[in-house]
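Welcome, and please open your viewer. We will go from the whole chain to single residues, one selection at a time.

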Amino acid sequence: MVKPAIFEKHRVLTALPVYNEARHVHEVLSVVRKYSDDILVVNDGSTDGTAEVLAEFAGINVVHHSKNQGYGAGLRTAFDYALAHHYDALVTIDCDGQHEPRLIPELVAALYPASGDAVEIVSGSRYLQRFPGDSLPPVDRRRINMEITAYLNEILHWNLTDTFCGFKAYRVPSLKKFQITDLGYAMPLQLWVQAAAAGMKIVEFPVPLVYLEEERSFGGSLDDSVRRKAHYEAVIRQALIETGLFETGVSDHQQIVLNQI
């Protein structure tokens, strides 16, 4: 790869949490390698031949979970790896083909703006702007994303447009501030609350909206959209309690919003 200028200044790791992605992992990794030298794949207990496909790639770091633990567990392992190996920046990207690896250098550059602002998380947003060829998101997923994002904005005084996009860049030293215990798909919600409690600066970065597998399972009862939303709301509430924001950082009006969760 032709190394982008931002990679000359900062050590960057790109991490992909993977579970049963044998159909996609070869193609995705082949493209990611064009835009990132250091790559970590967290194979979260795949049983479909993903491990065998990963074995075909030389020069890629792989951590195998002996059994499936969840999406959040894969990201937590990536956080721990980036910290242990003293990277400057971590990019996380899903392995289902929804994200465009060509944007990796741009996400990293947004962590280090010319203004010198200490941006700690650059979060991809599929709803910040429209791109030619954007997909139409599954109705239930879009509705839940909008409602949960509205809750978080109300409570945390933010103005986010997409709280579930897995395409993100982090300054690695900031990862020490997270205590991730939710190992499933609700992990980003726990992360947002902890980021707010730590006073982190967050910026969003527009990315195309691509859905290739609209029927992807969230696992068990979470495939029911009503139960999934209730679970997400419970995770937010618990994270607010654990960080102390429920008692100290929530206005009377926000308490009303929370009590509706």
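Buried here means under 20% relative accessible area, exposed means over 50%, and partly exposed lies in between, using a 1.4 Å probe and protein chains only. By that rule, 53% of the 261 residues of the protein count as buried. Bear in mind that this is a predicted model, where local features need pLDDT of at least 70, side-chain atom pairs count only at pLDDT 80 or more, and totals for chains, interfaces and linings use all residues. Residues are numbered from 1 along each chain as its sequence is written, and side-chain values use heavy atoms, with hydrogens and water left out.

**Whole chain.** Colour by secondary structure to find ten helices and seven strands; helices (H or I, at least four residues) and strands (E, at least two) are DSSP runs numbered from the N terminus. Contact means heavy atoms within 4.5 Å. Of the contacts in the protein with a separation of 6 or more, 76% are between residues 24 or more positions apart.

**The sheet.** Next, select the strands. The seven form an open sheet with mixed pairing, in the order β3-β2-β1-β4-β6-β5-β7; two strands pair if DSSP finds at least two bridges between them. At the edges stand β3 (61-65) and β7 (202-206), each with a single partner strand, so one side of each has no neighbour in the sheet. From one strand to the next, the twist averages 20 degrees. Zoom in on β1 (residues 12-18) and β4 (residues 89-92): these strands run parallel and are joined by four bridges. Ala 15 has Thr 92 as its bridge partner in β4.

**Helices across the sheet.** Add α5 (residues 104-111), which lies across β1, β4, β5 (121-125), β6 (168-171) and β7, at about 40 degrees to β6. Angles run from 0 to 180 degrees between N-to-C directions, and axes are lines fitted to C-alpha atoms, for helices over the stretch in contact. Then show α7 (residues 187-197), lying across β5, β6 and β7 at about 140 degrees to β5.

**Inside α7.** How many of the eleven residues of α7 are buried? Ten are, so the helix is mostly covered; among them are Met 187, Trp 192 and Ala 196. Centre on Leu 191, which lies in this helix and is buried, with a relative accessible area of 1%. Leaving aside residues up to four places away in sequence, Leu 191 touches Phe 79, Ile 121, Tyr 170, Phe 178 and Ile 180. After α7 comes Gly 199, with a positive phi near 70 degrees.

**α7 with α8.** Now add α8 (residues 225-243). The axes of α7 and α8 are 9 Å apart and the helices pack at an angle of about 30 degrees. That makes α7 roughly parallel to α8, a label for angles under 35 degrees (over 145 is roughly antiparallel, 65 to 115 roughly perpendicular, the rest oblique). Residues in this contact include Val 193 of α7 and Ile 236 of α8.

**α6 with α8.** Finally, select α6 (residues 139-156), whose axis comes within 11 Å of that of α8 and crosses at roughly 20 degrees. That makes α6 roughly parallel to α8. Where they meet, look for Ile 144, Ile 148 and Tyr 151 in α6, and Arg 228 and Tyr 232 in α8, among others.
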